[in-house]
Amino acid sequence: MDPGCCEPRSRLEGDHVGFETSLAGNKSYVFPNSRLIADFYAEEVNATVYFPDFFGGEVITAEMMDNPKTRAAFDTVAFMERHSKTIRFPEILKCATALKKQYEKVGAIGFCYGGWAVFQLAARGRNLLHCVSTAHPSFIDKQEILSLGVPTQILAPEHDHHLTPELKNYCNLSHGYATRYDKSDKYQKASFERAKRSGVNWFNFSLH
């Protein structure tokens, strides 16, 4: 996970229209940027979108990352130990399984930390999901890539130490570009919008 995803410039503008609920025991639709992105996908894909919290309510705020002292004190390694694949994937799988019981077709998208999660879900094949998408995924390994069992979209920036060169397809961009951008940079804003549209097109093609 890259703390840069939580930089202050990441706060998106707009009013959310969804609501908080519970999915397989996990709170859903919790964080500010997540709410707006979820709303966008729900409207443009004409789908019911869940955005579960798989961090047990623990939040890395933009204010924390903006403060040099709290940013320096943040222990990324300890955070990832608390939210490792082994600890969190059973919850993620439980949520996906619950959705599959409710809907004929289910897709999943994972940003940053969520990248490895959708890859592991995709390995379960079409008995669970019809497709997945990921933007600037973190912590994926070769076996997770080789085990993909459903159509997969990867939206990867050129400058991202989490990824190998063959996966990178968005030039002059860095990790986190699909969830936040520098509002003074027109190219970043356009790329953010392009990533959203690409995800929408992917799900419209794969789920409808």
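**Exercise 1.** How many residues of α6 are buried?

*Solution.* The model is predicted: local features need pLDDT of at least 70, side-chain atom pairs count only at pLDDT 80 or more, and totals for chains, interfaces and linings use all residues. Residues are numbered from 1 along each chain as its sequence is written, and side-chain values use heavy atoms, with hydrogens and water left out.

Step 1. Fix the terms. Buried means under 20% relative accessible area, exposed over 50%, and partly exposed in between (1.4 Å probe, protein chains only). Helices (H or I, at least four residues) and strands (E, at least two) are DSSP runs, numbered from the N terminus.

Step 2. List the buried residues of α6: G114, G115, W116, A117, V118, F119, Q120, L121 and A122.

Step 3. Conclude. The count is 9 of the 9 residues, so α6 is largely enclosed by the rest of the structure.

Step 4. Identify the surroundings. The buried residues of α6 pack against α5 (85-102), β3, β4, α7 (142-146) and β5, where contact means heavy atoms within 4.5 Å.

**Exercise 2.** Determine the strand order of the sheet that contains β4.

*Solution.* Step 1. Find the pairs; two strands pair if DSSP finds at least two bridges between them. Strand β3 (residues 107-111) pairs with β4 in the parallel sense over 5 bridges, with A108 opposite V132. β4 also pairs in the parallel sense with β5 (residues 152-155), over 4 bridges. On that side A135 stands opposite L155, and the bridge partner of S133 is Q153.

Step 2. Assemble the order. The result is an open sheet of 3 strands, β3-β4-β5, with parallel pairing. β3 and β5 each have a single partner strand and stand at the edges, so one side of each lacks a neighbour in the sheet.

**Exercise 3.** Describe how β4 is covered and which helices pack on the sheet.

*Solution.* Step 1. Check burial. In β4 (residues 131-135), 5 of its 5 residues are buried. C131, S133 and A135 point one way, while V132 and T134 point the other way.

Step 2. Place the helices. α6 packs on the sheet and touches β3, β4 and β5; its direction makes about 150° with that of β3. Helix α8 (residues 186-207) also touches β3, β4 and β5, and its direction makes about 175° with that of β4. Axes here are lines fitted to C-alpha atoms, for helices over the stretch in contact, and angles run from 0 to 180 degrees between N-to-C directions.
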